[in-house]
Amino acid sequence: MTLATDLAGIRLPTPVLAASGTFGRGTEYAGLTDVEGLGGIISKAVTLRPCAGNPPPRLWETPCGLLNSVGLQNRGVEAFLREDLPELLSWGVPVIVNLAGFSREDYLETARVLRRAEGLSGIELNISCPNVKRGGLQFGAEPRVAAGLVAAVREVIDLPLLVKLSPNVPALGEMAAAVAEAGADGLSLVNTFPAMAVDIRTWRPRLGAVTGGLSGPALRPLAVRAVWEAYKAVDLPILACGGVSSWEDAVEMLLVGARAVAVGTALFREPRTPLMIAQGLKEYLLSKGLANVGQLVGKVLA
Ligand SMILES: Cc1cc2nc3c(=O)[nH]c(=O)nc-3n(C[C@H](O)[C@H](O)[C@H](O)COP(=O)(O)O)c2cc1C
């Protein structure tokens, strides 16, 4: 029995990764959990130039999830490669870069810089950030536009290319088919769901950016459905993300078609969640007499 698996050509030691934007720069977690036991690390969004992100407040906790409007805050691709990547790589787990942009040229220029980097395992193309006025969802709302960008990035970069989609796309199967056709190696599903909360004492929105993205347990059934729709539509490996906080949640995602899962919001409560999920998966596979997680993928009786 092994937990090791392949995701779009990326060899993962376990199928449980840290999701983009929820793992800080990585170093913050080094003292809190055994980072070497992760299946992989997906970086915070990286853009061509430094980006300040949205005005505060940027987080609001709801009864069953988290609203955030961090935006694409980061120090730019050059600083990422110089200051963050070496330490992330030193942990010996696959590092996937979340690539974002405000325009098509931004995405392509950043991809050209990333092409020069050594040691990266893959790219997660972020066309689903609900927290920016330009870029983000603007590229991920319409299959034709998404496919155009994916094809252009594909031309620039040889690394395994996962495309991260929003759960708020009307015809998810069509979107998945369009990005598959354009050259994606895999899908990453899902990003946060556009959402909003208001303080009824002040009548002001809870977030400085007014709206944000909902993550955590409330998102999970939406993500399960999105993974299932995409699994039926295309023959691409899927990385599932959205409210996964236990090994049972991970098994559910595998059954509807995911090859691996990424853990986001649950890390804030318990940084060791991915390791606990990996352990639970191991025991589950053993109890079922299964040799690997691949034997669960898409096996839902639906
Ligand atoms: C604070 C925060 C920051 C995030 N930043 C990014 C980001 O930079 N790029 C991205 O693609 N997704 C980002 N996400 C979305 C997560 O990667 C993930 O898709 C989403 O939160 C759903 O998973 P979860 O419910 O396990 O958190 C962020 C989420 C949170 C909560």
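# Questions on a predicted model

User: Which elements do the buried residues of α7 pack against?
Analyst: Helices (H or I, at least four residues) and strands (E, at least two) are DSSP runs numbered from the N terminus, and α7 covers residues 247–255. Its buried residues, those with 20 or more other C-beta atoms, placed from the backbone, within 10 Å of their own (12 or fewer is exposed, in between partly exposed), are W247, D249, A250, E252, M253 and L254. With contact taken as C-beta atoms, again placed from the backbone, within 7 Å, these residues pack against β3 (16–18), α6, β15 (238–241), β16 (260–263) and α9 (273–288).

User: From which number are residues counted, and what kind of model is this?
Analyst: Residues are numbered along each chain as its sequence is written, starting from 1. Local features need pLDDT of at least 70 and side-chain atom pairs count only at pLDDT 80 or more, while totals for chains, interfaces and linings use all residues, since this is a predicted model.

User: Which strands make up the closed barrel?
Analyst: Two strands pair if DSSP finds at least two bridges between them, and β15 and β16, which run parallel, are joined by three bridges, with L239 partnered by A260 of β16. The barrel is closed, has eight strands with parallel pairing and runs β3-β4-β7-β8-β9-β10-β15-β16.

User: Is L161 buried or exposed?
Analyst: L161 lies in strand β9 (residues 161–165), and, leaving aside neighbours within four places in sequence, it is in contact with I123, L125, V153, R154, A184 and D185. Its C-alpha is 9.5 Å from that of S121, although the two residues are 40 apart in sequence. Because 24 other C-beta atoms lie within 10 Å, L161 is buried.

User: Which helix gives the most residues to the largest nonpolar core?
Analyst: A nonpolar core is a set of buried Ala, Val, Leu, Ile, Met, Phe, Trp, Tyr and Cys residues joined through C-beta atoms within 7 Å, and in the largest one, with 101 residues, V179, L189, V227, A240, A258 and V261 touch the most other members. The helix that gives the most to this core, with seven residues, is α6 (residues 220–233).

User: Which residues does L189 touch?
Analyst: L189 is among the members of the largest nonpolar core that touch the most others. Residues up to four places away in sequence are not counted, and those it touches are L165, A223, A226, V227, A230, I238, A240 and C241.

User: How many residues lie between β5 and β6 in their hairpin?
Analyst: β5 (residues 59–62) and β6 (residues 65–68) run antiparallel and are joined by four bridges, one partnership being that of T62 with G65 in β6. The number of residues between these strands in the hairpin is two.

User: How many charged residues are in the shell around the ligand?
Analyst: The ligand is surrounded by 26 residues, the closest being G21, A45, S215, G264 and T265, where a residue counts as near if its C-beta atom, placed from the backbone, lies within 6 Å. Ala, Val, Leu, Ile, Met, Phe, Trp, Tyr, Cys and Pro count as nonpolar, Asp, Glu, Lys and Arg as charged, and the others, Gly among them, as polar. The shell has 10 nonpolar and 14 polar residues, and its charged residues number two.

Note on methods. Two residues are in contact if their C-beta atoms, placed from the backbone, lie within 7 Å.
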